[in-house]
Amino acid sequence: MLTIDVISVQPQMLRGFLEESIVARAVKKGACEIRIRNLRDYAHDRWRKVDDKPYGGGPGMLMMCAPWFEAVEDCTKDSPSEGRRIIMTSPAGRRFDQRMAEELSHERHIVFMCGHYEGFDARIRTLATDEVSIGDYVMTGGEIAAAAMADAVVRLLPGVLGGGAAATANESFGRGGMLEAPQYTHPPVFRGMAVPEILLSGDHARIEAWRKAESCRLTESVRPDLAARPCAANETTRS
Ligand code: SAM
């Protein structure tokens with residue numbers, strides 16, 4: 001079973017999300033365990049202070065070493081390093097993507113470190129196995145990043161989504177690495193917009209070919225960086 005620890009100065013912000021979402025469902029099904037920790041419980045003074053001014057000057061405050069070292073050591077004291085990832089959330093990290101979500105879904109223990117203020121004292125990085133960003137923008141804290149990553153990982157765990165492995169294999173960034181083709185449900189015509197005839201035909205081979213072609217068309221149009229050779233192979237199914 002996967003254990004996820006999230007360390008934050010705003011644990012209440014995470015509780016709402018992690019205790020309501022697909023993650024909560026996964027916990028109920030016994031697919032994972034979530035432990036939310038308050039970094040301030042590891043502070044050394046009665047004000048529960050975890051930040052201080054940066055050496056050399058500069059705006060804002062930085063997170064201090066001691067509370068972080070003690071919090072991470074506490075989370076990891078009973079878990080072997082094999083199968084364990086300690087993820088420092090940071091805009092300057094490796095970009096999170098579906099491949100990394102897959103990779104993490106095979107681990108046994110993930111610790112998410114949520115930064116705040118101007119970020120971490122650089123020595124805190126030595127605790128992490130990975131420094132990870134969820135995109136090229138700066139947020140106020142790492143909680144939303146940790147929640148987004150936890151959600152993307154947990155939905156890949158066996159038994160969490162109905163439909164098994166197929167439910168995620170054919171999604172965007174799934175098996176083919178491309179965006180998902182457009183999907184439709186009832187009614188067949190809504191405000192003059194009709195569902196493509198082929199999807200109503202019952203011809204599964206043609207539907208599959210149509211979906212591949214649409215997936216290529218969409219990927220080439222909005223994410224040409226993802227579309228490469230797999231689309232060329234489908235060239236003939238498009239017309
Ligand atoms: N001074 C830092 C910099 O320029 O890289 C930004 C610090 S940011 C205001 C505070 C914290 O929010 C970070 O330490 C990190 O934990 C989190 N954070 C902000 N943007 C993020 C992103 N794109 N991905 C992951 N975490 C992020």
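Colleague: By class, what residues does the lining of the largest pocket have?

Modeller: In this predicted model, that lining has seven nonpolar, seven polar and six charged residues.

Colleague: And what is the volume of the largest pocket?

Modeller: Its volume is about 500 Å³. The pocket is lined by 20 residues, and N170, E208, R211, K212 and S215 are the closest to its centre.

Colleague: Which helix gives the most to the lining of the largest pocket?

Modeller: Helix α7, residues 204-222, gives the most, with five residues.

Colleague: Turning to the second largest pocket, how many residues line it, and which lie nearest its centre?

Modeller: The second largest pocket is lined by 22 residues, and those nearest its centre are T89, S90, P91, G119 and M139. The space in this pocket is about 390 Å³.

Colleague: Which strands each supply at least two residues of that lining?

Modeller: Strands β5 (84-95) and β7 (130-133) each do so. By class, the lining of the second largest pocket has nine nonpolar, 10 polar and three charged residues.

Colleague: A different topic: which residues are buried in helix α1?

Modeller: In α1, which spans residues 11-18, the buried residues are P11, L14 and L18. These three lie on the same side of α1, because they cover an arc of only 60° around the axis.

Colleague: What do the buried residues of α1 pack against?

Modeller: They pack against two strands, β1 (2-8) and β2 (32-38), and against two helices, α2 (22-28) and α5 (143-154).

Note on methods:
Residues numbered from 1 in each chain as written. Predicted model: local features only at pLDDT ≥ 70, side-chain atom pairs only at ≥ 80, totals over all residues. Heavy atoms only, no water. Buried < 20%, exposed > 50% of the residue type's maximum accessible area, 1.4 Å probe, protein only. Helix = DSSP H or I, 4+ residues; strand = E, 2+ residues; numbered from the N terminus. Arc of directions from axis to C-beta. Contact = heavy atoms within 4.5 Å. 1 Å grid on protein atoms, 1.4 Å probe; cavity = no way out; pocket = protein on both sides within 12 Å on 5 of 7 lines; lining within 4 Å. Points joined across faces, edges and corners; volume = space filled by probe spheres on them. Nonpolar A, V, L, I, M, F, W, Y, C, P; charged D, E, K, R; others polar.
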